[in-house]
Amino acid sequence: MMNSPQEWPEPIVRVQSLSDSGVSSIPERYIKPPTERPSFCHVIGSERSVVPEAAAEAEGNIPVIDMSGLQSEDGLVRAETMRIVSESCREWGFFQVVNHGVSPQLMDRALQIWREFFHLPAQDKQLYANSPKTYEGYGSRLGIQKGAILDWSDYYFLHYLPLSLKDQNKWPHLPSNCREVIDEYGKEVVKLCERLLSVLSLNLGLKEEFLQNAFGGKEIGACMRVNFYPKCPQPELTLGLSSHSDPGGMTLLLPEHQVTGLQVRKANSWITVKPAPHAFIVNIGDQIQVLSNAMYKSVEHRVVVNSGKERISMAFFYNPKSDIPIEPAKELVTPDRPPLYLPMTFDQYRLFIRTRGPQGKSQVDSLKSPR
Ligand code: OGA
Ligand code: NI
């Protein structure tokens, strides 16, 4: 196994400072190869049609699910809600939930806190500069390959659970109520994640507690990455976040809903997510793909940036306890459907992305059992 990387291979440049400096062209380090650039052009058959895969951007939106339907008096409404979740997990790997029980005011406050954090003077943020050892703190790259092409974003990464990893000294102390709000937000979002895992378990034909238990019961891991995408003078040449699938269990994303940017892969095209107000965007991570023996797919997504508006999003990653081997549920393995993956702990798994940066779905694919 690789060792944990200790330091960045090159000096860190804050994308926000580049953006604020008012440059009219982006440095070469952020220019993606043509096949990875966003296709602002929708017309297939134009010069962009030489791009081999996922070039087109298609209309549509990921399903929006009203979670209050799960508590309806009406059995048909409950069943229909379960069915839409199931279909979304199979067909999209992504859905939005509304009426999910987390207070809209708390969601607004959390986003506002982070907006304020990213607008603090550079030296205040620098106190929390991260290293690739744990990634906790204020960062501007993922992966440690020297000379890598970088994404147009800064971020803040912190551990929320388990308690042994939670270290509020590594959370910002400004704005003043930051730590409190993060704490409260985390508590609410964890509850929602527990509910969602029950729904997913039942939909897979497993016991309601199956996924939660497979994740380690009460000892799950949870961490948060707040993404900051500054305005970009040449958005057509770069990405805010390169195509990747989330390595963990399940992600609950809260983007600010006024600015789009997230794109989800659907067959050969990219669908731009239109966030509903106060919705969470839920997506299946690689660990649920493995546990479900690929009944549910962890789907590639990426972020495009724009020249007019910065964008913030908060990604809450709900993960298995890091040292339990994760493998396909025995109940989902049949003679027709042999186990597709070899067991691996999340600790081992995560080291790939932390070393190489986001690389589509190459990680979960590398886990495939050799048959
Ligand atoms: C992520 C992610 C999407 C976004 O943080 O893993 O996919 O819209 N974020 O910021
Ligand atoms: Ni992601």
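The following exercises, with worked solutions, concern a predicted model.

**Exercise 1. The sheet**

Give the strand order of the open sheet of eight strands, and find its edge strands.

Solution.
- Step 1. The order reads E2-E3-E11-E8-E13-E6-E5-E4, and the pairing is mixed.
- Step 2. An edge strand pairs on one side only, and this holds for strand E2 (64–66) and strand E4 (137–139).
- Step 3. From one strand to the next, the twist averages 25 degrees.
- Step 4. At the E2 end, E2 runs parallel to strand E3 (residues 94–98), and three bridges join the two. Val64 has Gln96 of E3 as its bridge partner.

**Exercise 2. Helices on the sheet**

Determine which strands helix H2 touches and which strands helix H3 touches.

Solution.
- Step 1. Helix H2 (residues 75–91) packs on the sheet against E2, E3 and strand E11 (280–284). The direction of H2 makes about 155 degrees with that of E2.
- Step 2. Helix H3 (residues 104–118) also packs on the sheet, and its contacts are with strand E5 (154–161), E6, E8 and E13. Between the directions of H3 and E13 the angle is about 115 degrees.

**Exercise 3. A helix pair**

Describe how H2 packs with helix H5 (residues 178–203).

Solution.
- Step 1. Two quantities are needed, because a packed pair of helices is described by the angle between the axes and the distance between them.
- Step 2. For H2 and H5 the angle is about 85 degrees and the axes are 10 Å apart.
- Step 3. H2 is therefore roughly perpendicular to H5, as angles of 65 to 115 degrees count as such.
- Step 4. H2 contributes Met82, Val85, Ser86 and Cys89 to the contact, while H5 contributes Val199, Leu200, Leu202 and Asn203.
- Step 5. Sorted by class, the contact holds six nonpolar and two polar residues, with no charged ones.

**Exercise 4. Backbone details**

Locate the cis peptide bonds before Pro162 and Pro175, and the positive phi angles of Tyr135 and Ala267.

Solution.
- Step 1. The bond joining Leu161 and Pro162 is cis, with omega about -5 degrees. Pro162 belongs to the loop between E5 and H5.
- Step 2. From Leu174 to Pro175 the peptide bond is cis, with omega near -5 degrees. Pro175 is likewise placed in the loop between E5 and H5.
- Step 3. Tyr135 is not a glycine, yet has a positive phi of about 70 degrees. Its location is the loop between helix H4 (122–126) and E4.
- Step 4. Strand E9 (residues 262–266) and strand E10 (residues 269–272) run antiparallel and are joined by four bridges. Gln263 stands opposite Thr272 of E10.
- Step 5. The hairpin of E9 and E10 has two residues between the strands, and Ala267 adopts a positive phi near 50 degrees there.

**Exercise 5. The shell around ligand 1**

Work out which strands supply at least two residues each to the shell around ligand 1, and what classes the shell residues fall into.

Solution.
- Step 1. The residues around ligand 1 include Arg225, Asn227, Asp246, His301 and Ser313, along with Leu241, Leu253, Pro255, Gly261, Leu262, Val303 and Ala315.
- Step 2. At least two residues come from each of strand E6 (221–229), strand E8 (250–255), strand E12 (301–303) and strand E13 (311–319).
- Step 3. By class, the shell has six nonpolar, four polar and two charged residues.
- Step 4. An unreviewed UniProt entry carries the annotation "domain: Fe2OG dioxygenase" for residues 219–320. Over residues 219–320 the chain is 6% helix and 44% strand, and the end C-alpha atoms lie 8 Å apart.

How values were computed: Residues are numbered from 1 along each chain as its sequence is written. Chains are lettered from A and ligands numbered from 1 in the order in which they are written. This is a predicted model: local features need pLDDT of at least 70, side-chain atom pairs count only at pLDDT 80 or more; totals for chains, interfaces and linings use all residues. A residue is near a molecule or strand if its C-beta atom, placed from the backbone, lies within 6 Å of it. Ala, Val, Leu, Ile, Met, Phe, Trp, Tyr, Cys and Pro count as nonpolar, Asp, Glu, Lys and Arg as charged, and the others, Gly among them, as polar. UniProt positions are given in the numbering used here, feature names are shortened, and annotations may be inferred rather than shown by experiment. Two strands pair if DSSP finds at least two bridges between them. Axes are lines fitted to C-alpha atoms, for helices over the stretch in contact, and angles run from 0 to 180 degrees between N-to-C directions. Two residues are in contact if their C-beta atoms, placed from the backbone, lie within 7 Å. Angles under 35 degrees count as roughly parallel, over 145 as roughly antiparallel, 65 to 115 as roughly perpendicular and the rest as oblique.
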